[in-house]
Amino acid sequence: MQYLGEHLLPGQAGHFFAVLSLVASLIATIAYFKASRIHLENEKAGWVRMARIAFLVETISVLAMFGILYYIISNHLFEYKYAYNHSDRSLQMEYLLSCFWEGQEGSFMLWSFWHCVLGWVLIWRAKAWEAGVMTVMSFAQFALATMLLGLYIFGVKIGSSPFVLLRNEFDWPILERPDYLSLIKDGTGLNTLLQNYWMVIHPPILFLGFASTIVPFAYAIAGLMSKKHEWVKPSLPWASFSAAVLGTGIMMGAAWAYESLSFGGYWAWDPVENASLVPWLTLIAGLHTNLIYRHSGYSLRPTYFFYIITFSLILYSTFLTRSGVLGDTSVHAFTDLGMNTQLLLFVLVFFVPALFLYFKNYKAIPSIHKEENTYSREFWMFIGSLVLFLSGMVIIAKTSTPVFNKLFGTNIAPPEDPEFAHNQIQIFVAIIIGLLTALTQYLKYKDTPKRFFGKNIWMPTLVAVLISLSISFFGEVAYDKKGPGFLFAIHLAIFAAVYAVVANASYIFLGLKGKLKAAGASVAHVGFGLVLVGILISSAKKTVLSWNTTGVTPLRQEDAKERGNPAGNPAENITLFKGVATDMGRYMVTYVKDTLNERDRKRYYEIKFKAKQGDDSFSLYPDVIKNNKGMEGFAANPAAKHYWHKDIFAYITSFQENSTEDTTSFTNREISVGDTLFYSNGLLILNKVSVNPTEQAGLYQQGETALFLDIAVLSKDGRRYTATPGIAVTGNEFRPIPDTVTAQSLILKFNKVKDEKKGLLEIGIKESGAITDLITLKVYEFPMINVLWLGIVVMVTGFVMSIIQRNRQSKNTLKVAS
Amino acid sequence: MKKTHIIILVLIAAAIVVLISYTGDLTTYETIESARQKEGKFVNLIAKLDKTQPLEYDAVKNPNYLTFTAVDTLGNSIKVVYHNNKPTDMEKSERLVLKGKIQGDHFECKDILLKCPSKYKDDPKAMQQQPEMNKEVSN
């Protein structure tokens, strides 16, 4: 059958390049492998040339696939399933790229793309190691290419192609019509949670981090295969690069979660977060053992092990997040594409041979039999690496319970408080790592003169003790929800973190005599310490501001102390009526108005905060975006007011709009001062009558005599409002000035004075049936969260400094050697 | 034995102890019937929203009170009370993971994890309900 209006060429080209990339990467793998086994210069060069050409073809194929998919999405070719599923016409330009990584295929492509980029850097720089390292890289490209194949081989589907046609994938009746394309007007769109600027940059950075962990791994495999161990030198800057990028990627995800997801924070120990954090921990462990080996000759075996395990964990995390196995435990895993076996094989095809090579060569890897000196840097660095590794293992084991359930048919679920289950262990890791980070720099490799250590360490120690004591005493860190033991641990961890910052900052002057060029490690450690401080303080002191104070709730707080704690306490939503200032702890908050932005299809709510004390006043604009995946609900994006020392963070949890027409009319009632009248939802009390009151001066004109009533409105649920309807008189003219209690849908009108002597007045009461516009809001305060973000920037700066430093060193040694 | 080895063994032992103690904190996935057997114990209830019964949430009265009826695959049903806001898309969810405990006649819920439909259906309208991502609205 001939279908109308289809564009088949891009898809055919896409399929072609998918197959070409598979073949090219296979050829590159074989050629590089051959080259790595041959020692004859000429023959080797021939194989390398062939491998490079194959890798070039591979690179071109990946770029072509990328371009074609972008073409399909940006031209809205909905005959392709990928465009139909992940985009729509209304999407803004900047989010077209986000469509790539909403689906698994696009994110595999992104990964593959970064491998190509890294591959060319390696071809340029790796020299003698090129063949061995690129064998592994090309093989990884081959494995990734199979993921994008989408072909049936012997009845088994291999991979999932992004270039499949809608009509081949579904059997809807309309797809059998030749003009089906004219019926499919729009795609299903991009998940609203991904329509955030962090989602444009976080996945590329994170995938660069993922992709770059293969380089130390590839060096280690190349080392095992060739039984040469000099790779530990070029691997150092690569490991630093990987740690910096992966760390940035993870924390960008945290920033996205903080700004876009409404789980109210930046870290939730979600399985997807854990799965990317753990490889980072083992990578840091590997980076440190690598340094140990370079300076002291110890710890080569652990270095191999850590680099192997890091990349394997990256693959394992791919399996966790993409196989659908996390379905019941994670917020944002991908859905199952039916590729679980293939994903599992992807992990095993690297992990098993790598481990086999490692244990086969274990005895042949050089190691020193003499024990490390306790006063040496390498000893404590090794302990730190070990702690990081074990901490990672504990996290990944906990995260793997769904896998355990699948394997053994159990039905284990996460604990009641999954975050605390992690926190109570990791806080001790933070203490140990903080202390080691602080102290270890002051030790020298091999042996440290005790006088040198003592002479330098006392000052930073004293400063850190003073700072952390003042935080403990004046910082009001009183997270007592989990008992005094945990609170004590928090204070201890704050000390350790402050110590890490102070000791490393002073080491730049005490140990390095202010030589900034050599201070990469110290700067990175300062950043790491700041991250710890930021995490500890912002989490321990996170408070709920939207504490529900307005109504009588069926909830009773047994313990007043419980109020400050966010997790256990449910009454965190406050209801705001449009235009009504509501009491919220330290602030009066008003939902001023909402506006729909046509461009990004978000509805922005203006929420005005006014401090009760002082003149701090600001507006926040949290928004909601209607979920465009055909769901009725909406996704909320938080907004935050940033102070240097804290964030006020708010997001909308539900909203109601007034749509009903107002048809009711006023009923007239008599009242005098002190009287009580009932309305359907409560009662009104007339407090007093005032003539020409200054508070309402704007409501009447000069020359008018104005009477205003001060009425207290008490609703059944215990809320209290004031209404001041009035009347303005000029001669015989009466002009009523009604007042509304929006929250109660109540309009009050002062009709006339009925009997002046008795003080009898007539008022009109109107209860409109319509509910007013209202929203429910959650507001949190995160103190010192900027320390966390600052820490990350400092840490990454430190990594970059040390990469530059390593590269300069290797150039210098080259000069010396020649 | 080298002291490095001793420390390695001690740390590994600590990690194992941590993991073993973690198994004590773990909870289980339950049906309504089996959860009733464990009244007062924290469980994860797998059920879905009973759409024939009213879902009560009125932000005007109390933004922190949601009650509805959950029904599981065995056909048992239970009233659920959740002291928080109504999660978005709740009506559209095909499955709920309710975290909390049975208290008397109702299930006192601490956290709700929504599972939105993810499988393609034959007709294009139903097919639109396929988020790539699972949604959770928790505190």
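Of the 818 residues of chain A, 50% count as buried, and I should say at once that this is a predicted model, so everything I describe is computed from predicted coordinates. Chain A has 21 helices and 24 strands, and its C-alpha trace spans about 120 × 85 × 50 Å along the principal axes. If we take the contacts in chain A between residues at least 6 apart in sequence, 70% of them join residues at least 24 apart.

Let me set chain B beside that. Chain B has 139 residues, of which 37% count as buried, and its secondary structure comes to three helices and seven strands. Read from the N terminus, the elements of chain B run α-β-α-β-β-β-β-β-β-α. Among the contacts in chain B between residues at least 6 apart in sequence, 44% join residues at least 24 apart.

Back to chain A, and to its domains. The domain assignment gives domain 1 as 1-195, domain 2 as 207-405, domain 3 as 415-541 together with 784-792, domain 4 as 560-651 and domain 5 as 667-772. I would like to dwell on domains 2 and 3 of chain A, whose C-alpha centres lie 23 Å apart. Between them, 21 residues of domain 2 of chain A are in contact with 20 residues of domain 3 of chain A.

Which elements of domain 2 of chain A give two or more residues to the side that touches domain 3 of chain A? They are helix 11, residues 235-260, helix 12, residues 271-296, and helix 15, residues 377-399, of chain A. Helix 15 of chain A gives the most to that side, with 12 residues. As for composition, the residues on this side of domain 2 of chain A divide into 11 nonpolar, seven polar and three charged.

One residue lets us look at contacts with part of helix 15 individually. A:Leu436 sits in helix 17 of chain A, residues 418-440, and, leaving aside neighbours within four places in sequence, A:Leu436 is in contact with A:Trp380, A:Ile383 and A:Gly384. A:Leu436 counts as buried because there are 20 C-beta neighbours inside 10 Å, and 20 is the number at which a residue begins to count as buried. For a sense of distance along the chain, A:Leu436 and A:Asn812 are 376 residues apart in sequence and 31 Å apart in space, C-alpha to C-alpha.

Helix 11 of chain A, which we met at the contact with domain 3 of chain A, also packs against helix 10 of chain A, residues 214-226, at an angle of about 150° and with the axes 8 Å apart. Angles over 145 degrees count as roughly antiparallel, and helix 10 and helix 11 of chain A are therefore roughly antiparallel to each other. On the helix 10 side of chain A the contact is made by A:Val215, A:Pro216 and A:Tyr219, and on the helix 11 side by A:Ser235, A:Trp238, A:Ala239 and A:Ser242. The residues of this contact divide into five nonpolar, two polar and no charged.

That brings me to the nonpolar cores. In soluble globular proteins, nonpolar side chains tend to be buried together. Here the largest nonpolar core has 237 residues, and those with the most contacts inside it are A:Val133, A:Val136, A:Ala218, A:Ala497, A:Tyr499, A:Val533 and A:Leu536. Helix 11 of chain A gives the most to this core, with 15 residues. If we take A:Ala497 and do not count residues up to four places away in sequence, A:Ala497 touches A:Ala430, A:Gly434, A:Gly529, A:Leu532, A:Val533 and A:Leu536. Apart from the largest core lies another, of 24 residues, among them B:Ala47, B:Ile78, B:Ile112 and B:Leu114.

I will end with two backbone details. Most residues other than glycine have a negative phi. A:His76, although not a glycine, has a positive phi of about 55°, and A:His76 is placed in the loop between helix 2, residues 41-74, and helix 3, residues 81-86, of chain A. A:Lys127 also has a positive phi, near 50°, and lies in the loop between helix 5, residues 104-125, and helix 6, residues 130-147, of chain A.

Are these two residues buried or exposed? A:His76 counts as partly exposed, because 17 C-beta neighbours lie inside 10 Å, whereas A:Lys127 is exposed, with 9 other C-beta atoms within 10 Å.

Key
Residues are numbered from 1 along each chain as its sequence is written. Chains are lettered from A and ligands numbered from 1 in the order in which they are written. This is a predicted model: local features need pLDDT of at least 70, side-chain atom pairs count only at pLDDT 80 or more; totals for chains, interfaces and linings use all residues. Domain bounds come from an automatic or database domain assignment. Two residues are in contact if their C-beta atoms, placed from the backbone, lie within 7 Å. Helices (H or I, at least four residues) and strands (E, at least two) are DSSP runs, numbered from the N terminus. Ala, Val, Leu, Ile, Met, Phe, Trp, Tyr, Cys and Pro count as nonpolar, Asp, Glu, Lys and Arg as charged, and the others, Gly among them, as polar. Axes are lines fitted to C-alpha atoms, for helices over the stretch in contact, and angles run from 0 to 180 degrees between N-to-C directions. Angles under 35 degrees count as roughly parallel, over 145 as roughly antiparallel, 65 to 115 as roughly perpendicular and the rest as oblique. A residue is buried if 20 or more other C-beta atoms lie within 10 Å of its own, exposed if 12 or fewer, and partly exposed in between; C-beta atoms are placed from the backbone. A nonpolar core is a set of buried Ala, Val, Leu, Ile, Met, Phe, Trp, Tyr and Cys residues joined through C-beta atoms within 7 Å.
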